[in-house]
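These are my notebook entries on one chain, written while I had the model open. I began from a single pair of residues and worked outwards from there.

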Amino acid sequence: FEEVAKFRAARRMWAMLMRERFGANDASCKLRFHTQTGGVTLQAQQPLNNVVRVAVQTLAATLGGTQSLHTNGFDEALALPTAEAATLALRTQQVVAYESGVAQTVDPLAGSYYVEALTQELVDKAWALIEEVEALGGMTKAVESGMPKLRIEESAARRQARIDRGEEVVVGVNKYMVDDPELVDVLDIDNASVLAQQVAKLERIRAERDDVAVKAALEALTEGARGDGNLLALCIDAARARATVGEMSDAMEAVFGRHAAEVRTIQGFYGHAYEGDERFAAIQARIDAFADTHGRRPRMLVVKMGQDGHDRGAKVIATGFADLGFDVDVGVLFQTPAEAAADAIDNDVHVIGVSSQAAGHKTLVPQLLQELHARGADDIKVVVGGVIPPQDFDHLRAAGVAAIFPPGTNIVNAATEVLDLLA
């Protein structure tokens with residue numbers, strides 16, 4: 001119901017803003033939006049339960065009036081989806097669209113007292129956020145301040161604490177668990193083969209293209225960036241000359257420089273939910289004892305490597321561990337294994353926590369361990385969490401990974417295991 005109300009509230013607010021602030025016509029007042037089912041709700045434990053979760057979310061999106069929809073595969077908490085999982089996700093959409101009848105009526109829950117009240121509540125709370133953003137000088141200024149992202153991370157940390165404490169039930173994760181979960185087949189990507197194919201493709205393109213035309217197109221792009229050129233048009237020209245994305249980026253970087261993200265973290269929101277909890281306090285006491293023995297608290301670096309821009313899980317882990325008493329550093333997105341290893345050594349950490357969501361763990365994590373070894377830092381423990389199928393656990397352990405935490409891992413349990421590694 002909350003999802004339905006959220007979409008209804010968004011349409012109402014869009015129409016109000018477009019009419020009152022911009023004098024828009026009726027066509028422009030119609031909010032059109034795409035929806036994707038929630039990846040964060042997918043669970044590695046009892047993954048077939050995800051079929052039901054996706055179906056419920058599909059129904060909610062449709063009742064809410066979405067114009068287009070992407071349904072997740074049930075196995076995406078374990079790996080990239082198999083063809084069978086992707087087909088089942090598509091069939092889920094089609095069954096709801098053609099067999100349920102919900103798509104034949106506009107706003108079918110309109111008039112429901114609960115839905116209407118919830119819609120108005122969301123409008124009121126969202127409007128307060130808009131006013132807060134405007135007080136900061138607009139959305140660009142708000143993003144620069146970090147406010148929107150930090151609010152999202154606060155909400156994520158609170159929800160994770162409720163799940164870890166069992167206050168919010170997730171079937172198969174903190175209730176109705178099974179002792180011997182069934183394994184499902186997952187998509188196995190040979191990253192080394194993919195890399196070799198991509199390198200060969202780039203080499204072929206560079207051998208066949210007109211280097212003079214490429215150079216001219218890239219120089220024009222740089223000049224356009226220096227002045228007021230149409231960068232989209234200039235990038236299209238460069239692409240037609242067969243310049244690579246990296247080369248186009250370099251051409252603009254010569255003028256603009258490269259964006260350096262400022263990593264911000266939050267504290268207190270996870271730990272607040274555990275106020276008075278004996279087990280939480282016991283771990284904090286262990287960390288205090290560690291600090292007394294070693295002269296400092298256990299220090300962890302949380303990293304994201306490769307082309308993986310999903311940092312929600314990494315930030316939740318950083319918040320939870322920090323609230324327990326760890327000193328936590330968070331690396332920037334898209335690091336190489338060499339950069340992550342250098343950060344770990346520079347920050348003098350005890351453990352690196354690798355968060356992986358994009359199937360790069362079998363390549364990137366061994367490379368990280370090799371980089372640490374080459375720098376004489378074998379004493380730094382490496383643990384891995386995220387979308388990692390059980391079938392890959394042995395591979396990672398053989399490479400030297402000290403612990404593996406799949407989706408649904410309780411943060412308090414994970415912190416206990418990390419402390420045990422450092423004891």
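**Entry 1: the starting pair.** I looked first at V302, which stands opposite V330 of strand β4. β3 and β4 run parallel and are joined by four bridges; I count two strands as paired if DSSP finds at least two bridges between them. Helices (H or I, at least four residues) and strands (E, at least two) are DSSP runs, numbered from the N terminus. Four of the five residues of β3 are buried, so that I noted this strand as mostly covered, where buried means under 20% relative accessible area, exposed over 50% and partly exposed in between (1.4 Å probe, protein chains only).

**Entry 2: what I am reading.** The model is predicted, so local features need pLDDT of at least 70 and side-chain atom pairs count only at pLDDT 80 or more, while totals for chains, interfaces and linings use all residues. Residues are numbered from 1 along each chain as its sequence is written, and side-chain values use heavy atoms, with hydrogens and water left out.

**Entry 3: the sheet.** I then followed the pairing outwards and found an open sheet of five strands with parallel pairing, in the order β4-β3-β5-β6-β7. Its edge strands, each pairing on one side only, are β4 (327-330) and β7 (403-405). From one strand to the next the twist averages 20°. At the β7 edge, I saw that β6 (residues 381-386) runs parallel to β7 and is joined to it by three bridges, with V383 opposite A403 of β7. Helix α13 (residues 312-324) packs on the sheet and touches β3 (299-303), β4 and β5 (351-356), and its direction makes about 160° with that of β4. For contact I take heavy atoms within 4.5 Å; axes are lines fitted to C-alpha atoms, for helices over the stretch in contact, and angles run from 0 to 180 degrees between N-to-C directions.

**Entry 4: one histidine.** Is H361 buried or exposed? H361 has 5% relative accessibility and therefore counts as buried. H361 is placed in helix α15 (residues 361-374). Leaving aside residues up to four places away in sequence, H361 touches S356, P366, V387, I388, P389, D392 and L396.

**Entry 5: a helix pair.** I turned to α9 (residues 231-240) and α10 (residues 245-256), whose axes come within 10 Å and cross at roughly 145°. L231, C235, A238 and A239 of α9 make the contact with M248, M252 and F256 of α10. These residues divide into seven nonpolar, no polar and no charged, where Ala, Val, Leu, Ile, Met, Phe, Trp, Tyr, Cys and Pro count as nonpolar, Asp, Glu, Lys and Arg as charged, and the others, Gly among them, as polar.

**Entry 6: the cavity.** I found one cavity of 30 Å³ or more, a cavity being a set of points on a 1 Å grid over the protein atoms alone where a 1.4 Å probe fits but cannot get out. The largest cavity has a volume of about 50 Å³, taken as the space filled by probe spheres set on the points, which are joined across faces, edges and corners. Its lining residues, those with an atom within 4 Å of a point, include N50, N72, F74 and T92. Elements giving two or more residues to this lining are α2 (49-64) and α3 (83-99), and α3 gives the most, with four residues.

**Entry 7: the whole chain.** Finally, I noted 17 helices and seven strands, and that 40% of the 423 residues count as buried.

Methods
On a 1 Å grid over the protein atoms alone, a cavity is a set of points where a 1.4 Å probe fits but cannot get out, and a pocket is an open set with protein on both sides within 12 Å along at least five of seven lines; lining residues have an atom within 4 Å of a point.
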